[in-house]
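Work through the exercises below with the sequence and the model open. Each task is followed by a solution in steps.

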Amino acid sequence: MKHYEVEILDAKTREKLCFLDKVEPHATIAEIKNLFTKTHPQWYPAHQSLCLDPKGKSLKDEDVLQKLPVGTTATLYFRDLGAQISWVTVFLTEYAGPLFIYLLFYFRVPFIYSHKYDFTSSRHTVVHLACICHSFHYIKRLLETLFVHRFSHGTMPLRNIFKNCTYYWGFAAWMTYYINHPLYTPPTYGAQQVKLALAIFVICQLGNFSIHMALRDLRPAGSKTRKIPYPSKNPFTWLFLLVSCPNYTYEVGSWIGFAIMTQCLPVALFSLVGFTQVTIWAKGKHRSYLKEFRDYPPLRMPIIPFLL
């Protein structure tokens, strides 16, 4: 069996960082990263991005050396991804913050509103309902992070957690300040508007959870296997007939329902910003599906049926 020689160069300076002799042909990129770490312990595998081209796309950990377009002397280019943090830690931090912040305003702890309103309760039913819905949403997200989601990548750059938390925590503080404000006024169309919005919120939350469970079942524990998601007997999964990322569709629908329920401008803006971001993610995932699976259903759109 022919062995490979692997040289690893710095993607920026082209300086030779490492030379690996007698590498097995069936060695994966993950195994090469581990060999590289032995000579450069400051760069543990999660720190490393290995590419075939200095400005190219990072190779996947599961890529096999002999299946790459390289000769028996392979040149790989290294980029330092920087300090990393696990996705689970990121999500738990992102989601615990809004839950805690919202409740601070809901219970009107001192120094938030006027002193005379400390620890008082709103007289409007929709305020209490909004707190229940908001808390349910983030408790659901926390539990899904712990028990449902299976991540294809174990870590992400540490710097991202500051950006993500600023987004989630900042918007949570902005919307809860107004919803729980002593001068807050209920929606224009009263109970009818609140009931309709609550129905939208609940349906979309159930749909979002159903899609997360369906996606979880596609990937066995510890695997990075990718399959085409299809509808099941669960009616909430039938949206897979029309869109590639129905979990994002339901997510946006939940926040639209919450915005209608509270009739609060910061919630509407949060929904709009969130929709913009998940649309970018959905389009990327949709393109990935089309590239990877030749038999991918042609009628599907990224996030909105027939439109987007």
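**Exercise 1.** Is Trp174 buried, partly exposed or exposed, and at what relative accessibility?

Solution. The model is predicted, local features need pLDDT of at least 70, side-chain atom pairs count only at pLDDT 80 or more, and totals for chains, interfaces and linings use all residues. Residues are numbered from 1 along each chain as its sequence is written, and side-chain values use heavy atoms, with hydrogens and water left out.

Step 1. Buried means under 20% relative accessible area, exposed over 50%, and partly exposed in between, with a 1.4 Å probe and protein chains only.
Step 2. Trp174 has a relative accessibility of 36%, so Trp174 counts as partly exposed.
Step 3. Phe171, in contrast, is buried, with a relative accessible area of 15%.

**Exercise 2.** Classify the ring pair formed by Phe171 and Trp174, and place it in the fold.

Solution. Step 1. Rings of Phe, Tyr and Trp (its six-membered ring) pair if their centres lie within 6.5 Å; planes under 30 degrees apart count as stacked, over 60 as edge-to-face and the rest as tilted.
Step 2. The centres of Phe171 and Trp174 are 5.9 Å apart and the planes make an angle of 35°, which gives a tilted pair.
Step 3. Helices (H or I, at least four residues) and strands (E, at least two) are DSSP runs, numbered from the N terminus. Both residues belong to helix α4, three residues apart, about one turn of the helix.
Step 4. Phe171 and Trp174 also belong to one aromatic cluster, whose members include Trp87, Tyr138, Phe201, Trp255 and Phe270.

**Exercise 3.** How many aromatic pairs does the rule give, and what does the pair Tyr113 and Tyr177 connect?

Solution. Step 1. The count is 25 aromatic pairs.
Step 2. In one of them, Tyr113 and Tyr177 are tilted, at 5.3 Å centre to centre and 35° between the planes.
Step 3. Tyr113 lies in the loop between α2 (87-106) and α3 (125-147), and Tyr177 in helix α4 (residues 159-179), so the pair ties together parts that are 64 residues apart in sequence.
Step 4. Tyr113 is buried at 9% relative accessible area, whereas Tyr177 is partly exposed at 30%.

**Exercise 4.** Which residue has its charged end over the ring of Tyr230?

Solution. Step 1. The criterion is NZ of Lys or CZ of Arg within 6 Å of the ring centre and within 35 degrees of the ring normal.
Step 2. Arg300 meets the criterion, with its charged end 5.4 Å from the ring centre of Tyr230.

**Exercise 5.** Describe the largest nonpolar core and the surroundings of Phe258.

Solution. Step 1. A nonpolar core is a set of buried Ala, Val, Leu, Ile, Met, Phe, Trp, Tyr and Cys residues joined through side-chain atoms within 4.5 Å.
Step 2. The largest such core has 32 residues, and Met175, Ile179, Phe258 and Val267 touch the most other members.
Step 3. Two or more residues each come from α2, α3, α4, α5 (190-218), α6 and α7; α3 gives the most, with seven residues.
Step 4. With contact taken as heavy atoms within 4.5 Å, and neighbours within four places in sequence left aside, Phe258 is in contact with residues including Tyr102, His134, Met175, Phe201 and Val267.
Step 5. Another core, of 19 residues, lies apart from this one and has Cys18, Val23, Leu59 and Leu76 among its members.

**Exercise 6.** Where do Arg14 and Phe119 lie, and what is the sign of phi in each?

Solution. Step 1. Most residues other than glycine have a negative phi.
Step 2. Arg14 has a positive phi of about 65° and lies in the loop between β1 (4-10) and β2 (16-23). Arg14 is partly exposed, at 45% relative accessibility.
Step 3. Phe119 has a positive phi near 60° and lies in the loop between α2 and α3. Phe119 is exposed, with a relative accessible area of 60%.

**Exercise 7.** Which element has the lowest mean pLDDT, and which the highest?

Solution. Step 1. pLDDT is the predictor's confidence in each residue, from 0 to 100.
Step 2. The protein has a mean pLDDT of 92, and 97% of its residues reach 70 or more.
Step 3. Strand β6 (residues 155-157) has the lowest mean, 78, and helix α6 (residues 246-262) the highest, 98.
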